[in-house]
Amino acid sequence: MNRKKIIEEIKQDYAIKRVKATERCDELIAELKKDSAFDKIYTDLIKKELQLMRDQYSKDCAELRKDVAELKGKIEKYLTKKHLSPSSLSPKYECHICKDTGIANGQMCECMKRELNERLSRLSSSQTNFKSFADLDKKIMNAHDIKAMEVLSTWCNNYPNVSKTNINIIGASGAGKTVLLECIAGELLKKGYVVCFKTAFELNELARLYHTGKSFGLSDAMDAEILLIDDLGTEPLLKNVTKEYLYNIINMRQVKNLPTIISTNLSQEDILNRYDERIYSRLANKAKSINILLDSTDKRIK
Ligand SMILES: [Zn+2]
C-alpha cells in the first residue's frame with residue numbers, strides 16, 4: 001500500500017459520502033412530495049430554477065428571480081411547519097468547505113489531509129514510537145553524532161528528491177540507532193509517506209511464516225514506500241529463510257528505488273561472514289547507500 005493508493009481509496013470513500021448525502025436528501029424530498037401541496041411548489045421551483053439557469057445570461061430575469069425567491073419562501077414556511085430546517089433539502093456534507101469532494105481552492109482540503117495522515121499512521125507500524133529530530137536532546141550528543149543526525153535530517157527533508165535510497169546506521173548497542181530510525185520514520189510519516197518499521201527479528205519471523213505459507217505479511221515490508229529494519233544481525237539465522245529473504249527484500253527494493261533504512265551493530269566483516277557477498281554488496285553499494293557511523297572504529301563500513 002502506498003500513498004497514491006491510499007489517496008485513491010479516500011477519493012472513493014468521499015464519492016460514496018457524496019452519494020449518501022444526496023440520497024438522504026432525495027428520500028426526504030420523495031417523502032414530502034407525497035403531499036400534493038408541497039409537490040406543486042417544489043416542482044414549480046425546480047422548473048423556474050432551470051429556466052433561470054438557462055436564461056440568466058441572455059435575458060433580463062428579474063421577474064423570474066422574484067418567482068424563485070417567492071417559491072423558496074413558501075418551501076421554507078412549509079418545512080418550518082413540519083419542524084424541518086430550511087437546509088434539510090440540501091445534501092448534508094461532512095465538510096462544508098469542500099462539500100466532501102476533498103478539493104478546496106484547487107488543493108487538497110484540510111479534511112482530506114487529516115484523513116490521509118490518519119490512514120498513514122494506521123498503516124505504518126502501530127508499535128513504533130515515531131519521533132522527530134527536533135525532539136532529540138543535542139546537549140547529550142557528541143559532535144560526531146550531531147553531524148550524523150544532521151545528515152539524516154537533511155535526507156528526510158529532501159526525500160523523495162534523493163539520489164541514495166539506502167541508509168545504514170552503524171553503531172554499537174546503546175549508541176542511539178533505534179532512536180534515529182524512529183526519527184526518520186516520524187519525519188517521513190509527517191511528510192505523508194507510508195513507513196514500515198520492523199525489527200530484524202520481526203522481519204525474519206514474517207519471512208519464516210511467508211516461507212511456510214502461513215502468512216503473507218511480508219509483502220507489506222517488500223512493497224512499503226519506506227522500510228526501516230532495526231538491529232540487523234540480532235535475528236536468528238534460519239536455513240533457507242534469513243539470507244534468502246533479506247537478499248530478496250533489499251535487492252527488490254533497490255531495483256524499484258524504494259528506500260530501505262537499516263540499523264546494525266555489524267561491521268563490514270561481520271556482514272560478509274554472517275550473510276553473504278550479495279547482501280553485503282547491496283548494503284555497501286556506494287552509489288545507492290549512505291553509511292552513518294555512530295561510533296568510529298575502523299572495522300565498520302565506511
Ligand atoms: Zn473538506
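## An exposed asparagine

Asn 105 is exposed, its relative accessible area coming to 80%. You'll find Asn 105 in the loop that links strand 1 (103-104) to strand 2 (107-108). Its backbone is a bit unusual too: Asn 105 isn't a glycine, yet its phi is positive, at about 50 degrees. Bear in mind throughout that this is a predicted model.

## Another positive phi, and a cis bond

Asn 240 is another non-glycine residue with a positive phi, here about 65 degrees. Its home is the loop between strand 5 (226-232) and helix 9 (242-255). How accessible is Asn 240? It has 45% relative accessibility, and Asn 240 counts as partly exposed because that value sits between the 20% and 50% cut-offs.

If you're checking omega angles, have a look at Tyr 159 and Pro 160: the peptide bond from the tyrosine to the proline is cis, with omega near 10 degrees. Pro 160 itself belongs to the loop running between helix 5 (143-158) and strand 3 (166-170).

## The overall layout

Stepping back, the protein chain splits into domain 1, covering 3-117, and domain 2, covering 124-293. How far apart are the C-alpha centres of domain 1 and domain 2? The separation is 50 Å. In terms of secondary structure, the protein chain carries 11 helices and seven strands.

The dimensions are worth a look as well. The protein chain has a radius of gyration of 29 Å, whereas a compact globule of 302 residues would come in near 19 Å. Along the principal axes, its C-alpha atoms fill a box of roughly 90 × 45 × 35 Å.

## Burial, contacts and charge

Of the 302 residues in the protein chain, 42% are buried. The chain exposes about 17100 Å², and carbon and sulfur atoms account for 52% of that area. As for contacts between residues at least 6 apart in sequence, 75% of them join residues at least 24 apart.

Now for the charges. The protein chain has 51 positive side chains and 43 negative ones. Where do the centres of the two sets sit relative to each other? They lie 2 Å apart.

## Three lysines

Lys 48 lies in helix 2, residues 36-55. With a relative accessible area of 25%, Lys 48 is partly exposed. Which residues does Lys 48 touch, leaving out those up to four places away in sequence? The list is Leu 64, Asp 67, Val 68 and Leu 71. Over a longer range, Lys 48 and Ile 290 are 242 residues apart in sequence, and their C-alpha atoms are 68 Å apart in space.

Lys 74 sits in helix 3, which covers residues 62-81. It's partly exposed, at 47% relative accessibility. Measure C-alpha to C-alpha from Lys 74 to Val 241 and you get 75 Å, for two residues 167 apart along the chain. Lys 99 is placed in the loop between helix 3 and strand 1, and at 46% relative accessibility Lys 99 counts as partly exposed. Setting aside neighbours within four places in sequence, Lys 99 is in contact with Arg 18 and Tyr 93. Lys 99 and Ala 15 are 84 residues apart in sequence, with 11 Å between their C-alpha atoms.

## A buried alanine

Ala 284 turns up in the loop between helix 11 (277-283) and strand 7 (289-293). Is Ala 284 buried or exposed? It counts as buried because its relative accessibility is 17%, and the cut-off for burial is under 20%. The C-alpha atoms of Ala 284 and Ala 104 are separated by 46 Å, with the two positions 180 residues apart along the chain.

Technical notes: Residues are numbered from 1 along each chain as its sequence is written. This is a predicted model: local features need pLDDT of at least 70, side-chain atom pairs count only at pLDDT 80 or more; totals for chains, interfaces and linings use all residues. Side-chain values use heavy atoms; hydrogens and water are left out. Domain bounds come from an automatic or database domain assignment. Helices (H or I, at least four residues) and strands (E, at least two) are DSSP runs, numbered from the N terminus. The radius of gyration is taken over C-alpha atoms; the globule rule is 2.2 Å times the number of residues to the power 0.38. Buried means under 20% relative accessible area, exposed over 50%, partly exposed in between (1.4 Å probe, protein chains only). Contact means heavy atoms within 4.5 Å. Accessible areas come from the Shrake-Rupley method with a 1.4 Å probe; for residues, only the protein chains shown count as cover. Lys and Arg count as positive and Asp and Glu as negative; His and the chain ends are not counted. The place of a charge is taken as NZ of Lys, CZ of Arg, CG of Asp or CD of Glu.
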